[in-house]
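Q: I'm new to this one and would like to learn how to read its features. Can we go through them together, step by step?

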Amino acid sequence: MVASMVSPPKVKRRKQLAGKLLFGVLDLALAALAFYLSWWLRYELEIGPLLTEFQYLPFGFYLGVFASYLALILVAFQITRVYRLRRSTGLLDELGRIFLGSALAVFILIVIFSMYQPAVYSRLVFTYIGLSTPLIIGASRVLFRIGVDMLRRRGRLLEQLVVVGGGMHGKMIMQQVVTQPNLGYRLVGFLDDGHFARGAHFGRIKVLGAVDRLADVVQAYGVERVIIALPATEHRRIADVMDQCKAQGVGFHLIPDLFEIQLNTVDIDSIGGIPIIGLKDGGIVGWDFFLKRLLDTIMSSAVLLLGSPVFLIIALAIKLESSGPVLYTAERVGQNGKPFRMYKFRSMREDADELRSALADHNQADGPLFKMANDPRRTRVGAWLRRLSLDELPQFWNILRGDMSLVGPRAPLAEEVAQYEEWQKKRLSVKPGLTGLWQVNGRSNVPFEEMVMMDIYYIDNWSLGLDINLIIRTIPAVLRRDGAY
């Protein structure tokens with residue numbers, strides 16, 4: 001989504017080179033450990049067929065092979081681009097490259113070793129090398145990422161970032177940076193003439209002024225990286241911003257504005273060698289819809305069946321504290337604007353809906369939403385249910401019925417939808433969800449416009465893996481209780 005347009009300053013390049021050198025030395029040490037461990041497993045522990053005294057080979061026999069393997073690891077990791085990863089490269093992608101590099105090195109090693117045709121050697125040693133190398137080096141990468149992520153979440157090892165442009169692309173990239181601290185950026189704010197004129201911030205992200213204040217902002221905040229998200233029509237201004245970044249030694253990226261089309265929705269073909277561009281079908285359809293519905297059906301059935309004792313305990317607690325129904329039902333807007341009845345455990349007084357208008361002045365949410373951190377309409381049991389999100393458990397019945405999905409946008413009220421801007425209605429193109437990006441990134445603390453941007457990102461980038469990832473991330477988000485009110 002973001003295309004790099006200039007190399008970082010010399011200091012940054014030196015740091016990157018030092019980092020690659022450090023990883024190279026570490027990988028050599030770990031590859032050496034894997035090689036020795038493989039020899040030890042075969043000849044000392046004799047894991048595999050029993051060896052005779054004649055078949056035993058000391059480690060010194062493998063010294064030449066050992067040195068060759070270390071050289072091959074570095075070459076193979078260069079070929080599989082292990083040392084050319086970007087910030088956005090996922091852990092699975094990195095581990096896959098390490099596995100391919102290790103397999104390539106072992107394959108070449110076997111070929112070279114076979115050319116000498118030694119009288120006695122064990123093929124199992126090479127098998128152990130092929131298994132232990134990616135396992136050990138991969139484990140080191142996992143630990144490294146865990147350590148870096150922990151430091152970044154505590155505000156360390158972060159690169160000061162400013163976004164130039166407050167349009168659709170600018171907002172999308174800001175929202176992604178804020179919700180992914182593992183990228184290693186601290187977003188200090190954004191510059192934009194259109195929004196600066198009204199003094200409008202983007203949710204939690206401050207507008208720092210007009211675009212021509214870039215130089216001052218870079219100096220004031222120690223900015224190390226700039227992302228340019230201006231419309232393609234402002235090509236002169238884009239060029240000026242790039243020149244300013246170069247002059248101040250600041251690294252920058254440029255978001256390509258291809259007629260406001262996201263690259264993952266583009267379908268490229270050709271006719272007689274002439275490239276033509278079309279748009280892929282939007283939304284979650286076909287096989288994707290089947291997989292998502294299958295996951296919804298299996299998990300909702302399991303929760304309703306296995307969680308029935310918990311449902312009963314909650315129902316008894318609600319009835320013992322206050323009069324009224326155990327379940328609260330409300331009409332919500334579903335996919336394509338179709339209304340449905342959504343179920344929740346009642347967490348408020350029975351006359352809560354009638355009292356809402358009297359509390360309008362205490363609304364702590366922006367946009368069409370209504371939220372109060374200390375809503376006086378809540379019961380004591382209800383407050384506890386909301387803190388742990390247990391009030392939403394009956395929605396698994398909505399999921400089983402097909403009204404909702406496990407993952408998707410928050411289900412809105414009809415009165416909220418009536419206030420939507422046209423672009424915000426895209427969030428209605430899929431089924432609403434019990435959880436989603438908004439859930440794992442702060443829930444009620446997420447401003448409305450940011451929440452809509454998250455929903456649109458989810459719709460445009462859906463995959464079964466993304467759904468599973470969000471379901472897993474929901475558990476610690478619920479336990480942290482951020483924005484749970």
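Q: Which residues in H2 meet which residues in H4?
A: This is a predicted model, and in it Val65, Tyr69, Ile73 and Phe77 are the H2 side of the meeting. Facing them from H4 are Phe126, Ile129, Thr133 and Ile137. Sorted by class, this contact of H2 with H4 has seven nonpolar residues, one polar and no charged ones.

Q: And how do I describe the way H2 and H4 cross?
A: Here's the general idea: for two packed helices, you give the angle between the axes and the distance between them. In this case H2 covers residues 63–79 and H4 covers residues 123–153, and their axes come within 13 Å, crossing at roughly 50 degrees. That angle is why H2 counts as oblique to H4. As for handedness, H2 and H4 make a right-handed crossing.

Q: What does the same reading give for H9 and H10?
A: Helix H9 (residues 286–306) and helix H10 (residues 308–321) have axes that come within 4 Å and cross at roughly 60 degrees. So H9 is oblique to H10. On the H9 side you'll find Val303, Leu304, Leu305 and Leu306, which meet Ser308, Pro309 and Phe311 in H10. The class count for this contact of H9 with H10 is six nonpolar, one polar and no charged.

Q: How are H5 and H16 placed relative to each other?
A: Their axes cross at roughly 90 degrees and come within 10 Å, with H5 spanning residues 168–179 and H16 residues 448–460. H5 and H16 are therefore roughly perpendicular. From H5, the contact uses Met168, Lys171, Met172, Gln175, Gln176 and Thr179; from H16 come Glu449, Glu450, Met453, Met454 and Tyr457. By class, the contact of H5 with H16 holds five nonpolar, three polar and three charged residues.

Q: What about aromatic rings: how many aromatic pairs does the count come to?
A: A pair of rings is described by how far apart the centres are and by the angle of the planes. The count here comes to 13 aromatic pairs. One of them is Tyr36 with Trp39, a tilted pair at 5.5 Å centre to centre, with 40 degrees between the planes. Both residues lie in helix H1 (residues 10–44), three residues apart, or about one turn of the helix.

Q: Last one: which elements have the lowest and the highest mean pLDDT?
A: A general caution: where pLDDT is low, don't read the predicted coordinates in detail. Strand E1 (residues 3–4) has the lowest mean, 44, and helix H13 (residues 395–401) the highest, 96. Over residues 1–8 the pLDDT is below 50, and this stretch has 21 contacts in the model beyond near neighbours in sequence. For the protein, the mean pLDDT is 81, with 79% of its residues reaching 70 or more.

Technical notes
Residues are numbered from 1 along each chain as its sequence is written. This is a predicted model: local features need pLDDT of at least 70, side-chain atom pairs count only at pLDDT 80 or more; totals for chains, interfaces and linings use all residues. Side-chain values use heavy atoms; hydrogens and water are left out. Axes are lines fitted to C-alpha atoms, for helices over the stretch in contact, and angles run from 0 to 180 degrees between N-to-C directions. Helices (H or I, at least four residues) and strands (E, at least two) are DSSP runs, numbered from the N terminus. Angles under 35 degrees count as roughly parallel, over 145 as roughly antiparallel, 65 to 115 as roughly perpendicular and the rest as oblique. A crossing is left-handed if the near helix is turned anticlockwise from the far one by less than a right angle, and right-handed if clockwise. Contact means heavy atoms within 4.5 Å. Ala, Val, Leu, Ile, Met, Phe, Trp, Tyr, Cys and Pro count as nonpolar, Asp, Glu, Lys and Arg as charged, and the others, Gly among them, as polar. pLDDT is the predictor's confidence in each residue, from 0 to 100. Rings of Phe, Tyr and Trp (its six-membered ring) pair if their centres lie within 6.5 Å; planes under 30 degrees apart count as stacked, over 60 as edge-to-face and the rest as tilted.
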